[in-house]
Amino acid sequence: DNFYEFIGSDNQEFDTFVSELKNNVILANKQAVAKLIYYPINVFIGDKDTTIYSSQEFIDNYDKIMNKDFVNAISNAYTKLLFHNYQGAMFGGDFKNFWIQNMGDNLTIIGINNWLYQKVFMPDFIFSFESLNKQE
């Protein structure tokens with residue numbers, strides 16, 4: 001069956017796209033990754049939500065966007081039978097991922113979730129946990 005029919009792709013096309021994306025992230029091939037993105041795109045640079053408008057702007061900020069934790073998550077992510085819904089398919093893990101969609105006739109990255117989960121969703125818990133450790 002065609003697992004990715006829902007987003008306008010077939011298994012072979014999607015698997016090839018994701019495998020190449022993963023390899024380009026591991027190799028830090030900035031230009032290749034930048035070509036796969038649908039602009040403008042929002043990303044986190046540090047703890048600030050930032051809109052990137054062009055491939056050159058993405059390349060200029062690549063190391064800030066593709067931080068160590070993000071690259072590790074992508075490097076360890078499965079490339080087959082990925083979660084998908086009407087918004088696209090998610091490639092990655094640990095709250096660090098790409099969202100991929102077929103825009104016209106091409107698969108493209110429509111979202112990059114590269115934030116630090118703890119800073120966004122659980123600051124009070126982390127503060128409390130760190131405080132408990134200091135008391136011991």
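## Salt bridges

A salt bridge here is a side-chain nitrogen of Lys or Arg within 4 Å of a carboxyl oxygen of Asp or Glu. The structure, a predicted model, holds two of them. Residues are numbered from 1 along each chain as its sequence is written, and side-chain values use heavy atoms, with hydrogens and water left out. Because the model is predicted, local features need pLDDT of at least 70 and side-chain atom pairs count only at pLDDT 80 or more, while totals for chains, interfaces and linings use all residues.

One salt bridge joins the side chains of K80 and D15, at 3.3 Å from N to O. This pair links distant parts of the chain, 65 residues apart: K80 sits in the loop between helix 5 (68-75) and strand 3 (84-85), and D15 in helix 1 (residues 11-26). Helices (H or I, at least four residues) and strands (E, at least two) are DSSP runs, numbered from the N terminus. D15 counts as buried, at 17% relative accessibility. For that label, buried means under 20% relative accessible area, exposed over 50%, and partly exposed in between (1.4 Å probe, protein chains only).

D63 and K30 form a salt bridge too, and their closest N and O atoms are 3.5 Å apart. Here helix 4 (residues 62-65) supplies D63 and helix 2 (residues 30-35) supplies K30, with the two positions 33 residues apart. D63 is exposed, with a relative accessible area of 53%, whereas K30 is partly exposed at 24%.

## Aromatic pairs

Now for the rings: there are four aromatic pairs in the structure. Rings of Phe, Tyr and Trp (its six-membered ring) pair if their centres lie within 6.5 Å; planes under 30 degrees apart count as stacked, over 60 as edge-to-face and the rest as tilted. F70 and F98 have ring centres 5.2 Å apart and planes at 85°, so this pair is edge-to-face. Since F70 lies in helix 5 and F98 in strand 5 (residues 96-103), the pair ties together parts that are 28 residues apart in sequence.

F98 also pairs with F91, and this pair is stacked, at 6.5 Å centre to centre and 10° between the planes. Ring pairs thus link F70, F91 and F98 into a cluster. F70 is buried at 0% relative accessibility, F98 is buried at 0%, and F91 is buried at 0%.

## The nonpolar core

A nonpolar core is a set of buried Ala, Val, Leu, Ile, Met, Phe, Trp, Tyr and Cys residues joined through side-chain atoms within 4.5 Å. The largest one has 33 residues, and those with the most contacts inside it are L21, F58, M66, F98 and I112. Helix 1 gives the largest share of this core, five residues. In soluble globular proteins, nonpolar side chains tend to be buried together.

Which residues does L21 touch, not counting those up to four places away in sequence? They are V33, L36, F91, F98, I100 and I109, where contact means heavy atoms within 4.5 Å.

## Around S9

S9 lies in the segment before helix 1 and counts as buried, at 5% relative accessibility. Leaving aside neighbours within four places in sequence, S9 is in contact with N2, Y4, F14, N102 and L107. The C-alpha atoms of S9 and D105 are separated by 9.0 Å, although these residues are 96 apart along the chain.
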